[in-house]
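Grab a coffee and open the viewer. Try each exercise yourself before you read its solution.

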Amino acid sequence: MRIGVLHPGEMGASIAAAIQAAGHEVLWNSQGRSAASRERAAAFTACDNLAELISRCEGLVSVCPPHAALEQAKAVAQTGYTGPYVDANAVAPGTARQVAQTIGSGYIDGGIIGPPAHQAGTTRLYLSGNSATQAESWFNNSFVDCRVISTGTTDASALKMAYAAYTKGHSALLLAVN
């Protein structure tokens, strides 16, 4: 399968590498990207723009800064793309709902917990949504431990937010004890 990754930052590039390790071809949009992004994505197939990327892919994974998640989804929707779209951005469930409404039936909610996936056992990708099992196989035999948790539209984002609140709250309490 050909899977497009939006965008190959540090986390996105590790997710792309995991997809590639599972035997899929990874494509990315090189338009307007930095030299550092180009270096991280050197092992993947570059496309000149978003329209080209989407015309060549059978699935998409969005890993971008949280503030850009909805804008990225809108850009993808404007191309007419209707395939599977994993929104693996660290967004709140409310934003995930907006992305889901923008993308439509191909939407799959994703929540990444852990550092960039450079070794096994450190990074999990939780997926939820009606089509979540479709994307789970994109990560077989890779450093990303991918798990479908439900058919709920925003359950993976809710799990990610709950985990973040727990770990940050735990750290704050430990610091307060000092």
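The exercises below work through helices, cores, cysteines and a few backbone oddities in this predicted model.

**Exercise 1. Work out which residues of helix α4 are buried, and how they are arranged around the helix.**

Step 1: α4 runs over residues 69–78, and its buried residues are Ala69, Leu70, Gln72, Ala73 and Val76.

Step 2: Look down the axis of α4: these buried residues fall within an arc of 160°, so they line one face of the helix.

Step 3: It helps to recall the geometry. An α-helix has 3.6 residues a turn, so residues three or four places apart point the same way.

Step 4: Now turn to the face of α4 that points away from the buried side, where you'll find the exposed residues Glu71 and Gln78.

Step 5: Ask what the buried residues of α4 pack against. The partners are β1 (2–6), α3 (50–56), β4 (59–62), β5 (85–87) and α5 (93–103).

**Exercise 2. Find how α4 and α5 are oriented to each other, and which residues meet.**

Step 1: The axes of α4 and α5 come within 9 Å and cross at roughly 5°.

Step 2: An angle under 35 degrees counts as roughly parallel, so α4 is roughly parallel to α5.

Step 3: On the α4 side, the residues in contact are Ala69, Leu70, Ala73, Lys74, Val76 and Ala77; on the α5 side they are Gln98, Val99, Thr102 and Ile103.

Step 4: Check burial in α5 too. Ala96, Val99, Ala100 and Ile103 are buried there. Seen down the axis of α5, they sit within an arc of 100°, so they line one face of that helix.

**Exercise 3. Count the disulfides, then account for Cys47 and Cys146.**

Step 1: Remember what you're looking for. A disulfide is a covalent bond between the sulfur atoms of two cysteines.

Step 2: With a cut-off of 2.5 Å between sulfur atoms, the count is 0.

Step 3: Take Cys47, which is in no disulfide: the nearest cysteine sulfur belongs to Cys57 and is 6.1 Å away. Cys47 has 0% relative accessibility, so it counts as buried.

Step 4: Now Cys146. Its closest cysteine sulfur is again in Cys57, but at 18 Å that is too far for a bond. With 11% relative accessibility, Cys146 counts as buried as well.

**Exercise 4. Which residues touch the most other members of the largest nonpolar core, and which elements build that core?**

Step 1: This core has 26 residues, and the ones touching the most other members are Ile15, Ile19, Val61, Val86, Leu125, Leu127 and Phe139.

Step 2: Two or more residues come from each of β1, α1 (10–21), β2, β6 (107–113), β7 (123–128), α6 (132–136) and β8 (144–150).

Step 3: The top contributor is α1, with 5 residues.

Step 4: Don't stop there. A second, separate core of 22 residues includes Leu60, Cys64, Val76 and Val91. You've already met Val76 as one of the buried residues of α4.

**Exercise 5. Place His24 and Glu25, and decide whether each is buried, partly exposed or exposed.**

Step 1: His24 lies in the loop between α1 and β2, while Glu25 belongs to strand β2 (residues 25–29).

Step 2: Buried means under 20% relative accessible area. His24 has 14% relative accessibility, so it counts as buried.

Step 3: Glu25, at 34% relative accessibility, counts as partly exposed.

Step 4: Compare contacts, leaving out residues up to four places away in sequence. His24 is in contact with Met1, Ile3, Ile19, Ser137 and Trp138. Glu25 touches Met1, Arg2, Ile3, Thr45 and Arg56.

**Exercise 6. Track down a cis peptide bond and the positive phi angles.**

Step 1: Start with the background. Most residues other than glycine have a negative phi, and most peptide bonds are trans.

Step 2: The cis bond joins Leu6 and His7, with omega at about 5°. His7 is in the loop between β1 and α1.

Step 3: Asn141 isn't a glycine, yet its phi is positive, about 60°. Asn141 sits in the loop between α6 and β8 and is exposed, with a relative accessible area of 77%.

Step 4: Finish with two glycines. Gly80 follows α4 and has a positive phi near 90°, and Gly104, just after α5, has a positive phi of about 95°.

Conventions
Residues numbered from 1 in each chain as written. Predicted model: local features only at pLDDT ≥ 70, side-chain atom pairs only at ≥ 80, totals over all residues. Heavy atoms only, no water. Buried < 20%, exposed > 50% of the residue type's maximum accessible area, 1.4 Å probe, protein only. Helix = DSSP H or I, 4+ residues; strand = E, 2+ residues; numbered from the N terminus. Arc of directions from axis to C-beta. Contact = heavy atoms within 4.5 Å. Core = buried A, V, L, I, M, F, W, Y, C linked by side-chain atoms within 4.5 Å. Axes fitted to C-alpha atoms, helices over the stretch in contact; angles between N-to-C directions. Parallel < 35°, antiparallel > 145°, perpendicular 65-115°, else oblique.
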